[in-house]
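User: I am new to this structure and would like to learn how to read its features one at a time. Could you take me through them?

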Amino acid sequence: MSINAFNPTPRTLMGPGPSDVHPQVLQALSKPTIGHLDPQFVAMMDEVKALIQYAFQTENPFTIAVSAPGSAGMETCFVNLVEPGDKVIVCRNGVFGERMRQNVVRVGGEAILVEDSWGAPVSVDKVAAALAAHPDAKFLAFVHAETSTGACSDAKALCALAQQHDVLSIVDAVTSLGGVELRVDEWGIDAIYSGSQKCLSCVPGLSPVSFSAKAVAKLEARQTPVPSWFLDQTLVMGYWAGDGKRSYHHTAPVNSLYALHESLRLLQNEGLENAWARHRAMHEQLKAGLTELGLEFVVEEQYRLPQLNTVYIPQGIDDAKVRTDLLNNFNLEIGAGLGDLAGKAWRIGLMGYAARQENVLLCLAALKQAIK
Ligand SMILES: *Cc1c(COP(=O)(O)O)cnc(C)c1O
């Protein structure tokens with residue numbers, strides 16, 4: 001049997017991720033593979049670290065890219081920081097908050113749930129009440145940008161509460177990084193993880209992570225070993241530590257890191273504030289067009305994520321047929337609803353390189369045709 005080379009038809013990716021990869025990032029990916037302990041590569045890794053620090057707005061020395069997707073960044077935070085018996089206040093207002101809860105349970109922590117409905121942000125008042133009711137809690141965990149619903153929570157206020165109660169914050173920034181305001185040091189975030197394939201315009205498979213000094217101290221004071229060998233950051237720290245101390249832990253995904261380097265360089269060249277403003281401006285254009293088509297947003301205006309637009313599917317419209325039409329006739333991918341919103345909503349992403357005017361116009365024209 002002869003198998004042909006794989007040549008996918010290019011698509012415009014306007015779902016919940018992966019999103020459009022910048023052409024320069026794809027070019028970076030195809031550069032020659034070199035050894036991951038090669039001095040050239042080590043120097044590039046130092047730049048990657050500095051660029052992640054910029055994207056997160058942090059000076060945390062412990063700032064790295066985990067060699068695996070966003071879910072592994074999530075797991076990195078929980079397996080390293082939460083010890084058996086630790087109480088964690090977990091906010092659940094969609095799919096990813098529930099995954100945080102599962103992570104807490106799997107490492108033997110005790111999850112105290114703060115629940116909000118799908119499409120609503122995490123309630124700051126409920127979190128304040130939960131922190132007051134559980135003075136022995138060690139962590140507050142929440143999702144900044146809930147990709148399953150399109151709701152943005154007030155990470156600044158939530159982390160301020162965590163600091164007042166002397167608990168460590170664990171923040172999911174997979175969809176927020178690069179798309180909306182996020183300031184790790186100023187907001188006092190202790191552990192944060194993201195993903196390469198959402199608003200960073202990069203290929204999937206890497207997860208930027210950063211720990212504050214307090215989080216590193218909690219890790220170093222553990223009574224029990226980290227239950228995952230691969231994600232144990234006490235072992236990985238040696239790999240990312242500079243000054244010729246780098247030693248083998250696992251083979252770094254060399255070319256993917258070239259891609260991340262290029263995508264973060266592009267973000268720095270654009271400027272974080274400008275990137276946030278671009279996502280907002282594209283969202284405003286998309287919103288105007290969607291409203292003209294009679295589509296209604298799931299999330300209340302002030303809590304909407306510009307990079308993830310969730311709209312109700314109009315009565316009498318066949319969800320799967322519309323999405324298939326968009327893919328087959330326009331090479332355009334939008335996202336289906338997840339969980340409580342399955343079959344009821346579409347999720348239209350404007351993430352990273354996908355957040356540009358030609359995409360907005362294509363999406364509006366294609367949707368108009370498909371729902372006619
Ligand atoms: C996509 C996403 C994840 C998981 O990232 P993967 O790269 O798919 O593993 C986690 N949290 C949120 C909020 C996400 O949007």
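User: Which elements of the chain have the lowest and the highest mean pLDDT?

Analyst: pLDDT is the predictor's confidence in each residue, on a scale from 0 to 100, and elements are DSSP runs numbered from the N terminus, helices being H or I runs of at least four residues and strands E runs of at least two. Here helix 9 (residues 233–240) has the lowest mean pLDDT, 79, whereas strand 5 (residues 139–143) has the highest, 99. The chain averages 96, and 98% of the residues score at least 70. This is a predicted model, in which local features need pLDDT of at least 70 and side-chain atom pairs count only at pLDDT 80 or more, while totals for chains, interfaces and linings use all residues. Residues are numbered from 1 along each chain as its sequence is written, and side-chain values use heavy atoms, with hydrogens and water left out.

User: How is the chain divided into domains?

Analyst: Domain bounds come from an automatic or database domain assignment, and in this case they give domain 1 (12–18 + 272–371) and domain 2 (23–268). Their C-alpha centres lie 27 Å apart. Contact means heavy atoms within 4.5 Å, and 25 residues of domain 1 are in contact with 30 residues of domain 2.

User: At roughly what angle do the axes of helix 5 and helix 6 cross?

Analyst: Axes are lines fitted to C-alpha atoms, for helices over the stretch in contact, and angles run from 0 to 180 degrees between N-to-C directions. Angles under 35 degrees count as roughly parallel, over 145 as roughly antiparallel, 65 to 115 as roughly perpendicular and the rest as oblique. The axes of helix 5 (residues 124–133) and helix 6 (residues 155–164) come within 10 Å and cross at roughly 10°, which means that helix 5 is roughly parallel to helix 6. From helix 5, Val124, Val127, Ala128 and Leu131 meet Ala157, Leu158, Leu161 and Ala162 of helix 6.

User: What is the arrangement of helix 12 and helix 13?

Analyst: The axes of helix 12 (residues 319–330) and helix 13 (residues 357–371) come within 10 Å and cross at roughly 125°, so helix 12 is oblique to helix 13. Residues making this contact include Val322, Asp325 and Phe330 of helix 12, together with Leu362 and Gln369 of helix 13.

User: Where is the cis peptide bond?

Analyst: The cis bond joins Gly17 and Pro18, with omega about 0°, and Pro18 is found in the loop between strand 1 (12–14) and helix 1 (23–29). Another backbone feature is at Gln57, which has a positive phi of about 55° although it is not a glycine; Gln57 is found in the loop between helix 2 (39–56) and strand 2 (63–66).
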